[in-house]
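Please work through the exercises below with the structure open beside the text. Each one sets a task and is followed by a solution that proceeds step by step.

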Protein chains: 2
Amino acid sequence: MKKFDYSLRILPYIPFFYVIWSDDLLSTSEITVIQKNLDEDDSLTKDDKKLLSAWLKRDKPPADSEFKGWKLLVHNSGVKLIESDTYPLTALSQRMATYYKSNDAFNEQLKQIEINLGIQPNHYNHLFDVEVEHETTSDYYDAKEIDTTLKGKHAKLIDGFRAVLNDPLFDWDIHRTKEAFREVVLEQVKFLADRGYGAIAYPETYGGTNDMEGYAYMFENMMFVDGSLTIKFGVQFGLFGGSIQKLGTQKHHDRYLNATGKAELLGCFAMTETGHGSNVRGIKTTATYNKETDQLVVHTPGNNDNKEYIGNALHSKMASVFAQLIVNGKNEGVHAILVPVRDENHQLLPGIKIEDNGYKLGLNGVDNGKIWFHQVAVPRENLLNKYGTIKDDGSYHSDIKNPNKRFFTMLGTLVGGRICVARAGLGGAKMALAVAVKHALKRRQFNDSIKIQEDLLMDYPMHQLRLTPLVASAYVYHITLDKMMQDYCDDSQPDKRVVETQVAGLKSMVTWYANETIQECREACGGKGYLLENRIADLKGDVDIFTTFEGDNTVLLLLAAKGVLSDFKAEFNSSGFSSVLKLLSTQLSDKLATINPMYSNKVDAAHLYNPKFHKHAFDYRTRRLTYTLAMRIRDYIKKGMPSYQAFMKVQTHLITLGKAYATELAYNTFSDFVATMPDGKNKELFEKLGTLHALHEIRSDAHWYLEQGYIGNSKSKAIRSRVERLCTELRPHIEVLVDGWGIPESCMSAPIAKK
Amino acid sequence: MKKFDYSLRILPYIPFFYVIWSDDLLSTSEITVIQKNLDEDDSLTKDDKKLLSAWLKRDKPPADSEFKGWKLLVHNSGVKLIESDTYPLTALSQRMATYYKSNDAFNEQLKQIEINLGIQPNHYNHLFDVEVEHETTSDYYDAKEIDTTLKGKHAKLIDGFRAVLNDPLFDWDIHRTKEAFREVVLEQVKFLADRGYGAIAYPETYGGTNDMEGYAYMFENMMFVDGSLTIKFGVQFGLFGGSIQKLGTQKHHDRYLNATGKAELLGCFAMTETGHGSNVRGIKTTATYNKETDQLVVHTPGNNDNKEYIGNALHSKMASVFAQLIVNGKNEGVHAILVPVRDENHQLLPGIKIEDNGYKLGLNGVDNGKIWFHQVAVPRENLLNKYGTIKDDGSYHSDIKNPNKRFFTMLGTLVGGRICVARAGLGGAKMALAVAVKHALKRRQFNDSIKIQEDLLMDYPMHQLRLTPLVASAYVYHITLDKMMQDYCDDSQPDKRVVETQVAGLKSMVTWYANETIQECREACGGKGYLLENRIADLKGDVDIFTTFEGDNTVLLLLAAKGVLSDFKAEFNSSGFSSVLKLLSTQLSDKLATINPMYSNKVDAAHLYNPKFHKHAFDYRTRRLTYTLAMRIRDYIKKGMPSYQAFMKVQTHLITLGKAYATELAYNTFSDFVATMPDGKNKELFEKLGTLHALHEIRSDAHWYLEQGYIGNSKSKAIRSRVERLCTELRPHIEVLVDGWGIPESCMSAPIAKK
């Protein structure tokens with residue numbers, strides 16, 4: 001055995017120094033922590049402290065031979081590393097000291113170092129040649145507590161809802177023919193309606209509890225069962241029912257809302273047309289008022305002007321049809337009209353033509369169809385007339401005089417649906433992550449030639465890096481979407497332009513995130529992920545279209561950017577640029593301070609983990625992009641370019657701004673939420689998740705921050721290292737993190753995710 | 001009308017200066033071009049030239065008022081912009097001069113400027129308020145010529161093959177039940193086999209033409225029909241047949257190869273096991289030689305040691321089974337054995353159990369299954385014994401003494417399949433791009449409030465940016481994969497370690513590219529892209545698994561990186577690190593020159609478009625990553641860390657290196673190919689595609705190049721601008737570019753892609 005050259009008193013420090021120097025992450029603030037504890041350790045002499053301090057110099061790292069000697073010391077002691085110890089490294093150190101008959105009291109200073117540096121067995125258990133008592137999962141955190149935090153005030157509703165999903169009717173199965181699949185989904189929707197869930201967002205008079213926020217939460221949970229159920233549910237109660245609730249008046253509510261909430265009246269939401277996907281204002285269907293008969297005549301003018309992709313089209317008795325309302329020869333703009341489409345025997349009514357859209361990549365349990373109207377007359381009262389009505393004298397009236405504003409007000413009432421789609425996307429991502437993580441904690445692959453057992457997939461750094469930031473982001477988006485719905489439902493804030501802009505950005509970001517996540521999970525599960533039985537495949541097909549419906553993501557980001565650019569003064573959804581241009585002429589000043597090189601090269605953990613840094617970075621990016629964008633547009637306009645063309649030329653810049661804004665918003669919302677959590681380990685965990693998400697986002701846009709000089713080269717590299725480090729730190733808790741989403745056991749049917 | 005303040009002689013230059021100054025891309029080299037032509041223009045006086053030269057100062061741009069005056073001049077002349085003119089801007093300028101009674105001769109200098117600056121109507125047609133005669137597609141290039149270039153020496157085979165695909169048997173249709181789908185696909189495979197395509201890669205004696213390169217090309221074309229056909233075809237002729245051809249000896253060829261090529265003997269390739277996806281060396285199935293009966297007994301030891309995901313398993317009569325060969329109690333490593341699995345009545349033979357893998361995300365026309373063997377005895381001669389045999393005396397013999405090397409030699413013969421998978425992925429990407437581009441040239445969406453007609457999707461900058469670089473990359477990968485197969489088939493190069501490394505990297509890169517492309521196309525087609533009838537949905541489901549089978553992409557990238565790190569000396573596929581470590585100790589020297597700030601901030605077009613710059617950037621990245629990686633590993637080893645752990649710690653770095661290497665390889669291969677093309681417009685087009693691909697790649701890794709100081713901030717921004725610019729320049733030719741892939745008319749069945 002190698003002779004130990006130093007005082008036996010310093011021996012307990014050896015494993016710590018070995019761990020500290022094995023990576024190159026020792027920062028100033030960490031050295032300070034160690035130094036402070038060294039100074040306070042009474043078991044050490046002045047000379048011991050001097051020696052140990054000498055090993056803390058970053059410009060003079062210990063020699064390799066010294067380093068190897070440390071390792072041998074640990075090795076020769078034959079101690080065991082027990083990951084479940086409260087302070088595993090301190091305990092290992094203590095056991096080693098016992099072996100060498102050194103000071104074997106539990107060392108409070110070492111414990112402090114272990115805590116404050118966040119040293120985790122994961123970082124170092126492979127560094128020693130000692131036996132490791134390994135944990136697949138740590139029980140330091142409690143999944144139930146996390147779930148409770150996430151559910152917040154919705155706990156009662158969600159717990160009840162999850163219990164209902166336990167019914168065998170919701171058991172996962174394969175449905176290959178759309179007709180049979182649709183029947184199952186319809187039955188599921190009716191089952192939920194029978195138990196009052198369809199009407200949740202409606203007023204109490206109509207069987208509900210006015211709980212739009214809880215309604216959105218249910219979307220996540222329905223995705224654990226099936227995407228088709230989620231969307232069909234949303235079409236019936238949110239789109240069809242929502243249009244009656246929000247665009248209709250009391251006569252409509254009284255007549256239809258009860259039956260709609262109970263799924264006794266099935267309806268569809270006929271807005272999109274084949275020729276006009278994203279441009280709702282340009283739809284061609286007309287609803288012409290005929291004063292003599294006191295009827296509205298709904299009509300599809302051209303063969304390609306049909307309603308397209310209408311969910312519930314094959315099951316519906318009624319459609320909420322968006323059409324150009326023409327009264328006395330004047331087009332009053334887009335309005336919604338209730339049009340019966342089938343009789344009691346489910347036969348199409350005269351003038352109605354409906355065709356099945358056929359098979360799709362996913363969501364084949366949803367009956368999407370095309371609808372044509374040929375001069376279909378309905379009574380005047382079928383106009384959903386909250387924002388615009390036809391009076392008894394046959395004249396049109398609206399309290400909102402400006403037709404643009406009227407249109408955007410009507411559309412604004414539907415923004416809740418966008419939050420639900422994002423929420424559903426998030427549910428899909430959670431489900432896929434839960435399957436992939438549980439598989440990775442079971443599946444072993446490869447090994448070195450020495451060990452008998454192959455490593456768990458989850459212990460591969462690459463696997464940690466591909467899944468862990470996605471898990472963290474799910475937490476951030478969960479909190480953010482909850483808050484969005486709260487703001488959207490807040491009647492004390494009647495001007496919804498800000499929240500509409502925010503939802504536009506977030507819906508895009510979250511649905512893209514969901515798609516990327518599901519894809520990453522599919523690949524992380526290898527060939528097994530490709531089998532339908534393991535659930536990820538269906539999620540991939542179902543969630544795909546979330547990037548397109550309820551607003552194409554690219555179009556939404558352009559709208560979000562325009563909102564930001566106009567300081568949220570622009571009418572949302574407007575295709576005009578005048579309000580933006582007006583603002584540009586007044587408010588172009590870049591108030592951003594120049595970035596101090598000290599700041600742009602600050603790499604220590606305390607700084608990189610500080611939410612202030614993240615917020616500053618995101619804020620800087622949004623503001624800088626806004627300013628440069630405004631400058632570009634102004635220059636084009638000055639040169640005489642038409643505003644429409646000027647906006648075309650900066651389109652990619654607009655998209656970037658839209659994303660940047662959404663990124664900032666999500667992080668700030670999450671960060672504000674965490675600040676309200678009671679102090680304790682759960683709060684720290686959420687802080688860590690926020691940090692990982694933030695650094696991962698900054699890393700994704702590192703080229704931009706570098707171009708701007710906001711971060712220097714070393715900082716950029718340090719951020720990458722920290723992202724990988726955080727993934728490793730969260731490794732022991734990854735199963736608890738996915739369990740924290742409360743996915744009902746009955747939904748975790750994937751064979752690869754079972755123990 | 002505004003008075004014209006300048007000499008009428010300079011009037012023809014006005015539209016040019018207007019266009020030049022409308023963007024901020026004027027670089028030194030472009031100024032030189034203009035200046036030179038000004039100097040040479042005899043129609044100008046000295047004073048005229050002085051005035052025009054004054055307008056070329058980048059630090060003193062013309063005033064906005066001047067700029068607006070120019071625009072008004074063009075506008076007031078009432079001329080038309082005709083995009084189909086050979087030199088549209090010069091022609092516009094000439095017409096304007098005629099109107100103002102200025103010098104209206106065709107100006108040779110202006111033509112030179114137009115050509116040399118690459119000024120295209122797309123850049124400026126929206127800048128003038130004049131009537132534009134717009135072309136949806138330019139006919140400057142000829143799709144047939146492009147197709148001919150791409151087909152190269154395979155033209156005859158491919159033309160014939162495409163004609164065969166015209167048979168109604170290959171018409172696209174929806175197949176929801178796997179059983180029916182599999183029957184159709186089997187019939188298609190047999191149809192192709194009947195016409196000799198199954199045996200193409202086999203020797204002439206067995207019905208083939210020894211044309212492995214042509215065989216790979218067919219994979220792209222089969223994807224235009226259907227992914228299941230492609231994969232089933234590959235399993236039957238490439239994997240099953242290929243194992244007989246490459247691992248067997250003449251007796252096997254004589255007995256089985258003919259029938260295999262004709263699809264009279266259907267077989268499967270039973271390598272992967274449930275418990276061992278990527279780690280082939282760890283498979284558990286055994287083949288034990290029984291000397292008394294002179295038989296090999298094939299056996300699945302544990303319930304989870306079954307063969308998994310075996311394509312063609314339900315249709316096969318025979319399996320090529322990979323198993324640990326045990327002779328005289330000694331494990332000689334993995335070998336392949338032919339095992340009959342069904343009798344003439346298609347009944348399973350004793351000891352064989354086969355289960356359907358069930359429904360998958362895609363490829364449901366391929367019958368994947370699980371196979372268990374219970375003490376199945378086959379004659380000794382069923383051992384595919386090219387690399388290891390059992391002699392008549394019952395002893396094992398191999399010419400390759402080293403068992404590792406033997407194993408890797410056997411696996412190496414299967415690398416051709418990886419190229420075919422990449423090729424199939426590329427075919428899927430091409431198909432999706434063709435559909436998305438054709439849709440974008442038909443579909444209109446939004447408009448300004450003035451124009452009646454909405455803009456074509458393809459005219460949106462964001463749409464150009466999302467599709468055009470992907471189109472360019474398809475060209476790069478096409479050429480690269482062609483070359484890879486050529487190298488792989490080159491018998492004058494017996495050491496395949498380099499090409500194996502290259503294929504590993506490229507297979508990963510191309511299959512990921514294919515998935516991203518298909519997703520981008522799906523979203524670019526909106527809801528229509530989600531319908532099965534438009535083909536993208538199936539491609540998405542089918543191509544997904546290409547990232548996993550024939551080698552998981554992540555695992556392959558790790559292998560590729562190890563190859564690069566060991567200077568291609570490591571045994572490919574080896575899990576050991578000794579050869580890498582040996583090399584690390586000798587060759588660690590960073591010969592990379594420091595980057596000159598002049599270079600890292602060079603932003604003019606001539607430099608950014610120069611292949612030398614691209615090659616230098618890619619080479620720098622690969623070498624730098626190799627060096628830093630080697631340094632990290634060496635440091636870990638020096639500190640005493642076991643090599644397996646050291647490699648774990650640098651896993652993400654390895655992946656980055658693997659990608660960087662593949663990126664460099666693809667570009668260099670393409671660039672070398674373009675250099676051999678005859679001078680002319682097609683060569684220029686290919687050069688432009690290469691440039692767009694290269695700049696797009698550099699842009700994707702901009703954070704890294706910035707971190708290294710390889711590119712400065714302004715260069716990074718200039719690259720982004722150039723990428724967008726190139727997309728715009730290629731806009732008029734985008735349809736020709738997708739038509740250049742020669743997708744048979746009969747395969748372009750997507751309704752949204754039809755005129």
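The exercises that follow concern a predicted model, and they go from the interface between the chains to single residues.

**Exercise 1. The interface**

Determine how much area chain A and chain B bury between them, and which three residues of chain A supply the most of its share.

Solution. Begin with the contacts: 92 residues of chain A are in contact with 92 residues of chain B. The size of an interface is often given as the accessible area lost when the parts come together. For chain A and chain B this area is about 8,200 Å², with 51% of it on carbon and sulfur atoms. Within the area that chain A buries against chain B, Arg176(A), Tyr530(A) and Lys639(A) supply 11%, more than any other three residues. As a last step, count the salt bridges between the two chains, which number 10; one pair joined by a salt bridge is Arg720(A) and Glu707(B), whose closest N and O atoms are 3.8 Å apart.

**Exercise 2. Two helices of chain B**

Describe how helix α17 (residues 497-524) and helix α19 (residues 553-565) of chain B are arranged, and list the residues through which they meet.

Solution. Two packed helices are described by the angle between their axes and the distance between the axes. Here the axes come within 8 Å and cross at roughly 145°, and the passage of α17(B) over α19(B) is a left-handed crossing. On the side of α17(B), the residues that take part are Thr501(B), Ala504(B), Gly505(B), Lys507(B), Ser508(B), Thr511(B) and Trp512(B), while α19(B) contributes Asn553(B), Thr554(B), Leu556(B), Leu557(B), Ala560(B), Gly563(B) and Val564(B). Sorted by type, the residues of this contact comprise 6 nonpolar, 7 polar and 1 charged.

**Exercise 3. Salt bridges within a chain**

For the pairs Asp85(B) with Arg95(B) and Glu520(B) with Arg466(B), find the N to O distances, and state which parts of chain B each pair joins.

Solution. Take first Asp85(B) and Arg95(B), whose side chains meet in a salt bridge at 3.3 Å, N to O. Asp85(B) is in the loop between β1 (80-82) and α5 (88-99) whereas Arg95(B) belongs to helix α5, so this pair ties together parts that are 10 residues apart in sequence. Asp85(B) is partly exposed at 22% relative accessibility, and Arg95(B) is partly exposed at 27%.

Turn next to Glu520(B) and Arg466(B), where the closest N and O atoms of the salt bridge are 2.8 Å apart. This pair links distant parts of the chain, with Glu520(B) in helix α17 and Arg466(B) in helix α16 (residues 461-489), 54 residues apart. Glu520(B) is partly exposed, its relative accessible area being 25%, but Arg466(B) has a value of 11% and counts as buried because the limit for burial is under 20%.

**Exercise 4. A residue in a helix**

Is Ala422(B) buried or exposed, and with which residues outside its sequence neighbourhood is Ala422(B) in contact?

Solution. Locate Ala422(B) in helix α15 (residues 415-440) of chain B. Its relative accessible area is 1%, so Ala422(B) is buried. Once the neighbours within four places in sequence are left aside, the contacts of Ala422(B) are Leu481(B), Lys507(B), Val510(B) and Thr511(B). Finally, compare sequence and space for Ala422(B) and Pro469(B): the two are 47 residues apart in sequence, and their C-alpha atoms are 18 Å apart.

Definitions and conventions. Residues are numbered from 1 along each chain as its sequence is written. Chains are lettered from A and ligands numbered from 1 in the order in which they are written. This is a predicted model: local features need pLDDT of at least 70, side-chain atom pairs count only at pLDDT 80 or more; totals for chains, interfaces and linings use all residues. Side-chain values use heavy atoms; hydrogens and water are left out. Helices (H or I, at least four residues) and strands (E, at least two) are DSSP runs, numbered from the N terminus. Buried means under 20% relative accessible area, exposed over 50%, partly exposed in between (1.4 Å probe, protein chains only). Contact means heavy atoms within 4.5 Å. Axes are lines fitted to C-alpha atoms, for helices over the stretch in contact, and angles run from 0 to 180 degrees between N-to-C directions. A crossing is left-handed if the near helix is turned anticlockwise from the far one by less than a right angle, and right-handed if clockwise. Ala, Val, Leu, Ile, Met, Phe, Trp, Tyr, Cys and Pro count as nonpolar, Asp, Glu, Lys and Arg as charged, and the others, Gly among them, as polar. Buried area is the accessible area (1.4 Å probe) that two parts lose on being put together, summed over both. A salt bridge is a side-chain nitrogen of Lys or Arg within 4 Å of a carboxyl oxygen of Asp or Glu.
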